[in-house]
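User: I'm new to this structure and would love a close look at one part of it. Could you pick a spot, walk me around it, and then show me how the rest of the picture connects?

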Amino acid sequence: MDFKPTIVSFLCNWCSYTGADLAGTSRMKYAPNIRIIRVMCSGRIEPTFILKAFREGADGVLICGCHPGDCHYHEGNYKCLRRFHLIQKYIQQMGINKDRLRLDWVSASEGKQFAELADEMTETIKELGPCEVKNTMEKLDKIC
Amino acid sequence: MGEDEKNKKPKLKMAVYWGAACGGCCVSVLDVHEKLFDVVAAADLVFWPIALDFKYKDLKAMPDGYIDLTLYNGAIRNSENQHIAMLLRQKTKILVAYGSCAHMGGIPGLANFSTKEQIFDRIYCDTESTENPEKIKPQHIYKVPEGELELPIFYNDVMPLDQVVCVDYYLPGCPPQTERLLEVFMAIVNGSELPSKKTVIGAYEKSQCDECERKKTENKKIKKFYRPWEIEDDGETCFLEQGVICLGPATRGGCGTRCIKGNAPCRGCYGPPPDVSDPGAKMMSAIATMIDANDPEEIENIIEQIEDPAGTFYRFSLPGSILRRKVV
Ligand code: SF4
Ligand code: SF4
Ligand code: FES
């Protein structure tokens with residue numbers, strides 16, 4: 001069966017979400033696998049959000065924020081970048097391929113870039129196949 | 001309360017049991033020292049394998065709800081742990097997950113980085129001191145001329161107590177601080193109103209940092225991480241500010257900052273503060289905020305110095321965390 005990945009995407013309100021919106025209003029076509037969650041700033045994305053997404057069945061998680069220097073709260077995207085590197089290291093130890101988590105900068109005018117990013121991420125995840133976290137949890141719950 | 005009144009009260013029936021544990025939690029109960037007399041004055045110990053000779057059949061024979069208070073320490077790692085946990089749940093009014101292992105999986109929970117096969121291969125075949133050319137490993141059922149021998153089933157995963165039975169309270173710590181146990185015990189004996197079910201007792205709401213007496217600044221900044229042995233601790237500055245990972249910000253108070261007072265950073269045995277579901281995630285979030293760099297490459301280099309994030313940030317909590325185990 002054709003594998004249709006689910007990719008949870010956290011987009012910051014000020015740049016990336018507007019960028020994604022632009023892709024939509026300009027009627028650009030991109031992979032329908034991205035499930036967008038709007039947050040005020042990429043600095044708002046707690047590690048728990050990412051881990052929960054995987055646990056609930058996401059095959060990939062895509063985070064987008066304003067370009068460095070452009071965050072509306074000054075430092076949010078740097079904070080996000082630091083968390084991202086740490087979590088990427090952690091999920092690899094937990095047996096999750098690091099490419100399942102991606103961080104990119106998308107500005108409000110980069111609708112095209114967002115569409116391409118969505119396609120690219122979908123391709124990457126298709127190659128990796130389904131993420132086994134949810135399955136593993138379900139099996140665990142059946143023990144008792 | 002007068003002595004007479006106390007004597008009139010029916011004694012509490014209490015049990016202590018160990019699942020996958022090191023024995024330290026049972027010892028922490030013994031550590032009440034001379035207060036043990038107060039404990040036995042107020043409670044009859046009806047089941048406690050480390051100290052008293054009761055058999056499982058004695059436990060089975062008790063009516064449901066017979067035991068007032070059970071302290072279950074240790075994680076669930078095999079069918080025996082689970083079986084007794086379920087039996088104790090049935091026989092007990094207040095079931096307490098006692099200690100880090102019962103609370104979130106604890107040190108035995110680190111086995112969730114491996115599978116049952118990997119563990120058996122290592123222990124029974126590959127350790128440097130093992131000679132086992134036939135690769136004999138423990139079997140659940142083994143036939144001998146005299147009949148069948150049965151061992152508990154070793155599970156692939158370690159679980160905290162609340163993943164197999166309903167738990168009334170959690171009393172965290174590796175092991176719990178004995179004073180906290182006594183406070184909780186006395187509260188139960190005196191019939192004080194207990195907090196709402198499924199909450200942590202015998203620990204504080206605030207974090208270790210809140211209690212810690214080391215010198216600290218509001219905005220911690222870290223340029224380089226050190227393992228504790230790589231640096232000479234000045235004995236007074238916050239560990240994190242010296243670049244040594246301390247789990248204080250993501251750990252509940254209650255132990256009396258005992259490691260920090262001994263000049264060792266907190267490793268998180270008291271579990272996360274209220275409303276934090278995943279202590280490791282909380283700590284990763286806190287650490288990332290402190291890293292003093294904005295350049296991607298520099299950030300990566302600094303994070304490279306954190307050798308084992310999973311083992312460090314989930315040392316006591318892997319099976320109770322969001323991801324629970326390594327995916328294989
Ligand atoms: S991080 Fe550790 S050393 Fe620093 S204030 Fe918190 S508990 Fe104390
Ligand atoms: S300082 Fe931390 S690791 Fe040490 S006993 Fe207290 S909570 Fe546990
Ligand atoms: S507002 Fe966009 S990353 Fe902070």
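**A loop in chain B and its surroundings**

Analyst: Let's start at B:Asn263, which sits in the loop of chain B that runs between α10 (258–261) and α11 (279–290). Please keep in mind that this is a predicted model. The backbone at B:Asn263 is worth a look: its phi is near 60°, a positive value in a residue that is not glycine. Most residues other than glycine have a negative phi. B:Asn263 is partly exposed, because its relative accessible area is 44%.

From here, turn to ligand 2. The residues around ligand 2 are B:Gln208, B:Thr251, B:Cys255, B:Arg258, B:Cys259, B:Cys266, B:Arg267, B:Gly268, B:Cys269 and B:Tyr270. Sorted by type, this shell divides into 5 nonpolar, 3 polar and 2 charged residues.

Chain B has other backbone features to visit. B:Lys198 also has a positive phi without being a glycine, with a value of about 65°. You will find B:Lys198 in the loop between α8 and β10 (199–200) of chain B. Then there is a peptide bond to examine: B:Cys174 and B:Pro175 are joined in the cis form, with omega about -10°. Most peptide bonds are trans. B:Pro175 belongs to the loop between β9 (169–171) and α8 (178–189) of chain B.

Helix α8 brings us to charged pairs. Side chains of opposite charge can pair when their charged atoms come close. Within α8 of chain B, B:Arg180 and B:Glu183 meet in a salt bridge, 3.1 Å from N to O. These two are 3 residues apart in the helix, so about one helical turn separates them. B:Arg180 is buried, with a relative accessible area of 11%, while B:Glu183, at 45%, is partly exposed.

Other pairs reach between separate elements of chain B. B:Arg89 and B:Asp168 form a salt bridge through their side chains, with N and O 3.1 Å apart. This pair links distant parts of the chain: B:Arg89 is in helix α5 (residues 79–91), B:Asp168 is in the loop between β8 (154–159) and β9, and their positions lie 79 residues apart in sequence. B:Asp168 counts as buried, because its relative accessibility is 8%.

B:Asp68 and B:Lys93 make another salt bridge, their closest N and O atoms being 3.1 Å apart. B:Asp68 is in strand β3 (residues 67–73) and B:Lys93 in strand β5 (residues 92–98), so this pair ties together parts of chain B that are 25 residues apart in sequence. B:Asp68 is buried at 18% relative accessible area, whereas B:Lys93 is partly exposed at 47%. Over all chains, the structure holds 25 salt bridges.

Now for the place where chain B meets chain A. Here 29 residues of chain A are in contact with 38 residues of chain B. The area buried between the two chains is about 3,200 Å², and carbon and sulfur atoms give 69% of it. Within the area that chain A buries against chain B, A:Arg82, A:Leu86 and A:Met94 supply 23%, more than any other three residues. A single kind of charged pairing appears across this interface, with 1 salt bridge found: A:Lys89 pairs with B:Glu304, and their closest N and O atoms are 3.7 Å apart. There are also 13 residue pairs in polar contact between the chains.

On the side of chain A that touches chain B, the elements giving two or more residues are α2 (47–55), α3 (76–93) and α5 (133–142). Of these, α3 of chain A gives the most, with 11 residues. The residues of that side divide into 14 nonpolar, 5 polar and 10 charged.

Let's finish inside chain A. A:Cys71 lies in the loop between β3 (60–65) and α3, and it is buried at 8% relative accessible area. Leaving out residues up to four places away in sequence, A:Cys71 touches A:Cys41, A:Cys66, A:Gly76 and A:Asn77. The C-alpha atoms of A:Cys71 and A:Cys41 are separated by 7.6 Å, although these residues are 30 apart along the chain. A:Asn13, in the loop between β1 (7–12) and α1 (16–25), is also buried, with a relative accessible area of 14%. Its side chain makes a polar contact of 3.2 Å with the side chain of A:Arg38.

Note on methods: Residues numbered from 1 in each chain as written. Chains lettered and ligands numbered in written order. Predicted model: local features only at pLDDT ≥ 70, side-chain atom pairs only at ≥ 80, totals over all residues. Heavy atoms only, no water. Helix = DSSP H or I, 4+ residues; strand = E, 2+ residues; numbered from the N terminus. Buried < 20%, exposed > 50% of the residue type's maximum accessible area, 1.4 Å probe, protein only. Contact = heavy atoms within 4.5 Å. Buried area = accessible area lost by both parts, 1.4 Å probe. Salt bridge = Lys/Arg side-chain N within 4 Å of Asp/Glu carboxyl O. Polar contact = N/O pair within 3.5 Å; in protein donor to acceptor, adjacent residues only side chain to side chain. Nonpolar A, V, L, I, M, F, W, Y, C, P; charged D, E, K, R; others polar. Near = heavy atom within 4 Å.
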